[in-house]
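Good morning. Please have the sequence and the structure open while I talk.

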Amino acid sequence: AAAASASAASSASAASAASSDGGRGGSGDSASSRHVRSSRRSISATPAAASAVRSAAHGRRSLHTRLAPRRAQSRSLHGERASAAAVAAYVEDLRGSGVKVLAGGDGPNETREIARRSRDFFWYSPLLKPQLTGRVADALVLATSEADVVASLAAAVRHRVFVTTRGAGTGNYGQAVPLRGGVVLDMSGLDKIESIDAEAGTIRCGAGVKLCDLEDHARQHGWELRQHPSTRRTASVGGFVAGGSTGHGALLHGGLSEDGAVLGLRVVTAEDQTPRVLELSGRDVFPVVHAYGTNGVITSVELPLARAQAWSDVTAAFPSLDAAAAFALDVANAPAVVKRGISVFQAPIAHKYLEADALMHATGADAPQWDSAHGRDGAMAAGGDARHVAMVQCSPPGVGPVERLCAEHGGLTTRVVKATEAPRPMYEFGWNHTTLHALRADKSVTYLQCVLEPSSALGLLRRVSGEFGPSELLQHLEVANSRTTYAFILNS
């Protein structure tokens, strides 16, 4: 369906757990910073709440005051930390089993490492940042096998110690943060690719395998991942399945919630008796997918693959967001065009935050001519801040149809490049990487994710534009596929 992120409103809702790092941002001006800061507040769907949001002039101090009751409630809900005696007994027990454990009392290096792996990208959110900053585990388990995971959970049950499971820590919502101390169970050591069926197009691997390594291995056999988050370079497959929901490639294959997106899982339970190792397949995987490891720890994942393509990246610029969005949906619905991803960035996101002139458009002798000689109204000639940008990743035969659709919508194709030769991977412009780049330029920016109903996506887009000006909220759209219906994922 459609998702959208808003670069000015704050949200603590759960979404992709592996879509939030890498790349460089541009620079923001003080006026933009002022407006974005003033709109750091939760946006409700009700007209009254939207009106209140727009009329309120909350700064940092009033936001802090408004969040204080939430923090107090959060502390009371989370309860007391794990006891030091219980953690010490747990560490001694687990070390006796031969499992590598770092404890806070081991020394300053170990203490720093425990703190480092007690974080994720929760600081994207002005609501989560004050609640989760400073929450650190008492110990860190560095599992390298399923047996280590079983031993860790068995000891945790015996000693009543909290366990927080961690993949690569690229989530945005505090999933990897130990709210009450205890233990962080780091799964990055389960990094073996177990098997690949090059005929059927399936792959099985440990939960700690990085998605980039998994896809590189699949491509050696003529296959590629069906989808991955924008943190492909650093995210783990277990973290993506347990905490993610969709990503680059979902336009073609749908999200992780689709039947068949995850073929099988091995999961370790935490029970009063001996932990069980469950082999799940088919729809039995659904209770564990996107459950953040709270009902079982994933140790092994089986995924379907797609035939590898020699992808091309097409960049197009438009004088209006309406035109860019309509172009994106028309490309998505073009049945003869094989496409892996489509992103749309309302002006001035691409120019201000994504280094569009250097990284998205052609340069040198091939640089686009921004004058009005192309039959446009001259809006794009006014400068990068006026250009609404769309990016499409498609197979080479689809480049021509994409260029023609661009022209039909009054746009200008500004670059066509092989994906392997692009200065930055397309997926590192979109999804939550957009927010990361913006944050590097302006620390006051945050985002709100929405799904736009497919049948009315363009109308909803216009309503958002009418309700919130570009100084308050900017729209970033990702096109996704939900049961063959296309619309937007709006990241504003």
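I will go through a sheet, the helices lying on it, a second set of strands, and two helix contacts. Keep in mind that this is a predicted model.

Let us start with the sheet. Strands of a sheet pair through backbone hydrogen bonds, either parallel or antiparallel. Here we have an open sheet of four strands, and its order is 2-3-5-4. The pairing is mixed. Why do strand 2 and strand 4 each have one side without a neighbour in the sheet? Strand 2, residues 101-103, and strand 4, residues 163-166, stand at the edges and have a single partner strand each, so one side of each is left free of a neighbour. From one strand to the next, the twist averages 20°.

Now walk across the sheet in that order. Strand 2 pairs with strand 3 in the antiparallel sense, over three bridges. One residue to find there is leucine 102, in strand 2. Its bridge partner in strand 3 is leucine 140.

The next step is from strand 3 to strand 5; these two run parallel and are joined by four bridges. On this step, valine 141 stands opposite leucine 185 of strand 5.

The last step is from strand 5, residues 183-186, to strand 4. Again there are four bridges, and the two strands run parallel. Arginine 166 stands opposite aspartate 186 here.

Next, the side chains. In a regular strand the side chains alternate between the two faces of the sheet. Look at strand 3 for this. Ala139 and Val141 point one way, Leu140 and Leu142 point the other way, and all are buried.

Back to leucine 102. Is leucine 102 buried or exposed? Its relative accessibility is 14%, and the cut-off for buried is under 20%, so leucine 102 counts as buried. If we leave aside neighbours within four places in sequence, the contacts of leucine 102 are Arg95, Glu110, Glu113, Ile114, Asp138, Ala139, Leu140 and Leu142. Take glutamate 113 from that list. Leucine 102 and glutamate 113 are eleven residues apart in sequence, and their C-alpha atoms are 8.4 Å apart in space.

Which helices lie across these strands? Helix 5, residues 108-116, lies across strand 2, strand 3 and strand 4, and runs at about 105° to strand 2. Helix 7, residues 146-159, lies across strand 3, strand 4 and strand 5. The angle between helix 7 and strand 5 is about 165°.

We move on to strand 11, residues 297-307. How many of its eleven residues are buried? Nine are, which makes strand 11 mostly covered.

Several strands pair with strand 11, and I will take them by number. Strand 7, residues 202-206, is antiparallel to strand 11 over five bridges. Glycine 206 has serine 300 as its bridge partner in strand 11. Strand 8, residues 223-225, also runs antiparallel to strand 11, with three bridges between them. The partner of leucine 225 in strand 11 is leucine 305. Strand 9, residues 264-268, is joined to strand 11 by five bridges, and these two run antiparallel. For valine 267, the bridge partner in strand 11 is isoleucine 298.

The last topic is helix packing. Two packed helices are described by the angle between their axes and the distance between the axes.

Begin with helix 11, residues 321-332, and helix 14, residues 399-408. Their axes come within 10 Å and cross at roughly 150°. Angles over 145 degrees count as roughly antiparallel, and therefore helix 11 and helix 14 are described that way. The crossing is right-handed. Which residues make the contact? From helix 11 they are Phe327, Asp330 and Val331, and from helix 14 they are Val402, Leu405 and Cys406. Five of these contact residues are nonpolar, none is polar and one is charged.

Helix 11 also packs with helix 16, residues 457-467. Here the angle is about 155° and the axes are 11 Å apart. Helix 11 and helix 16 are therefore roughly antiparallel to each other as well. Helix 11 passes helix 16 in a right-handed crossing. On the helix 11 side, the contact is made by Leu321, Asp322, Ala325, Ala326 and Leu329; on the helix 16 side, by Leu458, Leu461, Arg462 and Ser465. Six of the residues in this contact are nonpolar, one is polar and two are charged.

That is the end of the walk-through.

Conventions:
Residues numbered from 1 in each chain as written. Predicted model: local features only at pLDDT ≥ 70, side-chain atom pairs only at ≥ 80, totals over all residues. Heavy atoms only, no water. Pairing = 2+ DSSP bridges. Axes fitted to C-alpha atoms, helices over the stretch in contact; angles between N-to-C directions. Contact = heavy atoms within 4.5 Å. Parallel < 35°, antiparallel > 145°, perpendicular 65-115°, else oblique. Left-handed = near helix turned anticlockwise from the far one by under 90°. Nonpolar A, V, L, I, M, F, W, Y, C, P; charged D, E, K, R; others polar. Buried < 20%, exposed > 50% of the residue type's maximum accessible area, 1.4 Å probe, protein only.
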